[in-house]
Amino acid sequence: PKYSMKIYASFKAKCRYEACGCNSVMPVTNLMQHEEVCPFRGTKCAHCGKEIRMQELQEHYSVCSFMLIQCQECSELFPRKNEGSHSCIKYLMKKIKGLEKELSEEREKHYM
């Protein structure tokens, strides 16, 4: 048993993401650990669902149309694709109306 483990540990294997560009070859005992963090491993963008290599994910986030961005003026969060149509005034008016409604409901609770 001890001898067979040494033989097993001496076997080398290629990363399963070789077709995606990974050239790593390592002892089979390290393979699973490597594949969990391999930069060529595919993952889905949390915002648009597109399949992306792990090593390209941050770059993708910087251009993803569905990534939420925050307006520097009014702090509204909205998808990057809506950046051109964003209006601070519309957002703030909507926010004010919501606050007025909350205030009105609170007043009704206290004066009834």
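Where does H34 sit in this predicted model? The place of H34 is helix α2, the run covering residues 28-37. Its relative accessibility is 16%, and since buried means under 20%, H34 counts as buried. Once neighbours within four places in sequence are set aside, the contacts of H34 are C15, C22, S24 and M26.

Turning to the charged side chains, the count of salt bridges comes to four. In general terms, side chains of opposite charge can pair when their charged atoms come close. One of the pairs joins E18 and K14, with 3.3 Å from N to O. E18 has a relative accessibility of 40%, so it falls in the partly exposed class. Another pair brings together the side chains of E56 and R53, this time at 3.8 Å from N to O. That value sits inside the cut-off, because a salt bridge asks for a nitrogen of Lys or Arg within 4 Å of a carboxyl oxygen of Asp or Glu. Both partners are partly exposed: E56 shows 34% relative accessible area, and R53 comes in at 31%.

A further salt bridge links E106 with K109, where the closest N and O atoms are 3.4 Å apart. Here the secondary structure helps with the picture, as both residues belong to helix α4 (residues 88-111) and are separated by three residues, about one turn of the helix. The two ends of this pair fall into separate accessibility classes, E106 being partly exposed at 36% and K109 exposed at 61%.

What about E76, buried but without a salt bridge: which side chain of opposite charge is nearest? That is K94, and the gap is 5.8 Å. A salt bridge needs the two charged groups within 4 Å, so the E76 and K94 pair misses the cut-off. E76 is found in the loop that runs between β5 (68-70) and β6 (77-79). Leaving out neighbours up to four places away in sequence, E76 is in contact with I69, Q70, C71, H86 and Y91.

The residue just before it in the chain, S75, is in that loop between β5 and β6 too. Its backbone is worth a look: phi of S75 is near 75 degrees, a positive value in a residue other than glycine. For background, most residues other than glycine have a negative phi. S75 is partly exposed, with a relative accessibility of 42%. On the far side of β6, S87 lies in the loop leading from β6 to α4. S87 is partly exposed as well, at 23% relative accessible area. Eleven residues of sequence separate S87 from E76, and their C-alpha atoms are 9.5 Å apart.

Next come the nonpolar side chains. The general expectation is that in soluble globular proteins, nonpolar side chains tend to be buried together. The largest nonpolar core in this model has six residues, namely C45, I52, L57, Y61, C64 and M67. From within that core, I52 touches R41, G42, T43, C45, L57 and H60, not counting residues up to four places away in sequence. Among these contacts, C45 and L57 are also listed as core members.

Some nonpolar side chains are found at the surface instead. I89, M93 and I96 make a nonpolar surface patch of about 310 Å². I89 lies in helix α4, the helix that also holds E106 and K109. With 64% relative accessibility, I89 counts as exposed. Over in helix α1 (residues 2-10) is I7, a partly exposed residue at 35% relative accessibility.

Finally, a couple of distances involve A46. The place of A46 is the loop between β3 (42-44) and β4 (51-53), and at 65% relative accessibility A46 counts as exposed. From A46 to Y61, the separation is 15 residues in sequence and 9.3 Å in space, taken between C-alpha atoms. Y61 belongs to the six-residue nonpolar core described above. From A46 to I7, by contrast, the sequence separation is 39 residues and the C-alpha to C-alpha distance is 42 Å.

Technical notes: Residues are numbered from 1 along each chain as its sequence is written. This is a predicted model: local features need pLDDT of at least 70, side-chain atom pairs count only at pLDDT 80 or more; totals for chains, interfaces and linings use all residues. Side-chain values use heavy atoms; hydrogens and water are left out. Buried means under 20% relative accessible area, exposed over 50%, partly exposed in between (1.4 Å probe, protein chains only). Helices (H or I, at least four residues) and strands (E, at least two) are DSSP runs, numbered from the N terminus. Lys and Arg count as positive and Asp and Glu as negative; His and the chain ends are not counted. Contact means heavy atoms within 4.5 Å. Patches are made of residues with over 30% relative accessible area and no salt bridge: like charges are joined within 9 Å, nonpolar side chains (Val, Leu, Ile, Met, Phe, Trp, Tyr) within 5 Å. Accessible areas come from the Shrake-Rupley method with a 1.4 Å probe; for residues, only the protein chains shown count as cover. A nonpolar core is a set of buried Ala, Val, Leu, Ile, Met, Phe, Trp, Tyr and Cys residues joined through side-chain atoms within 4.5 Å.
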